[in-house]
Amino acid sequence: MEFLVRIEFTSTAETRESLLVAEHKRVHELGAAGTLRRLWMIPGSHAAWSIWEAPGATELHAAIASLPFYPFIIVEVHALAAHPLDPAAR
């Protein structure tokens, strides 16, 4: 199942700096596992949009909660379903 996820970072610069190496490592692990499929930053903010793949919402929550930044983020999740007119599905 695919999910569109918006993550906003609410931590201080000092907290971000202290967790940055661990966050990068975990993001690379999630990417290698195919759980985190795509990631875009939102210019001018401390937020990002991403595409995640997980069997369900519980597994997605566990993956997002495994991020070192998790205590300092606001997460918005949208489950995605195939659209019959999707050009990529032709």
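Me: Which residue in β4 does R6 stand opposite?
Reply: This is a predicted model, so keep that in mind as we go. Strand β1 covers residues 2-9, and eight bridges join β1 to β4. Look across from R6 into β4, and the residue standing opposite is E76.

Me: And what is the bridge partner of I7 in β4?
Reply: β1 and β4 run antiparallel. We've just put R6 opposite E76. For I7, the bridge partner in β4 is V75.

Me: How many bridges join β1 to β3?
Reply: β1 pairs with β3 too, and these strands run antiparallel. One place to spot this is E8, which stands opposite A47 in β3. The number of bridges joining β1 to β3 is seven.

Me: What order do the strands of the open sheet have?
Reply: We've seen β1 joined to β4 and also to β3. The sheet is open, has four strands and shows antiparallel pairing. Strands of a sheet pair through backbone hydrogen bonds, either parallel or antiparallel. Read across, the order is β2-β3-β1-β4.

Me: Which strands stand at the edges?
Reply: An edge strand here has a single partner strand, so one side of it is left without a neighbour in the sheet. That fits residues 36-41 and residues 73-80, which are β2 and β4.

Me: What does the twist average from one strand to the next?
Reply: Step through the order β2-β3-β1-β4. From one strand to the next, the twist averages 20°.

Me: Is S50 buried or exposed?
Reply: You'll find S50 in strand β3, residues 47-53. Setting aside neighbours within four places in sequence, S50 is in contact with F3, L4, V5, L36, R38, L39 and W40. The relative accessibility of S50 is 2%, and the cut-off for buried is under 20%. So S50 counts as buried.

Me: Which side chain makes a polar contact with the side chain of S50?
Reply: Stay in β3, where S50 lies. The side chain of S50 makes a polar contact at 2.7 Å, and the partner is the side chain of W52.

Me: How far apart are the C-alpha atoms of E59 and T35?
Reply: Now hop over to helix α2, residues 57-65, which is the place of E59. E59 is partly exposed, with a relative accessible area of 41%. E59 and T35 are 24 residues apart along the chain, and their C-alpha atoms are separated by 9.7 Å.

Key. Residues are numbered from 1 along each chain as its sequence is written. This is a predicted model: local features need pLDDT of at least 70, side-chain atom pairs count only at pLDDT 80 or more; totals for chains, interfaces and linings use all residues. Side-chain values use heavy atoms; hydrogens and water are left out. Helices (H or I, at least four residues) and strands (E, at least two) are DSSP runs, numbered from the N terminus. Buried means under 20% relative accessible area, exposed over 50%, partly exposed in between (1.4 Å probe, protein chains only). A polar contact is a pair of N or O atoms within 3.5 Å; within protein, one must be able to donate a hydrogen and the other to accept it, and residues adjacent in sequence count only if both atoms are side-chain atoms. Contact means heavy atoms within 4.5 Å. Two strands pair if DSSP finds at least two bridges between them. Axes are lines fitted to C-alpha atoms, for helices over the stretch in contact, and angles run from 0 to 180 degrees between N-to-C directions.
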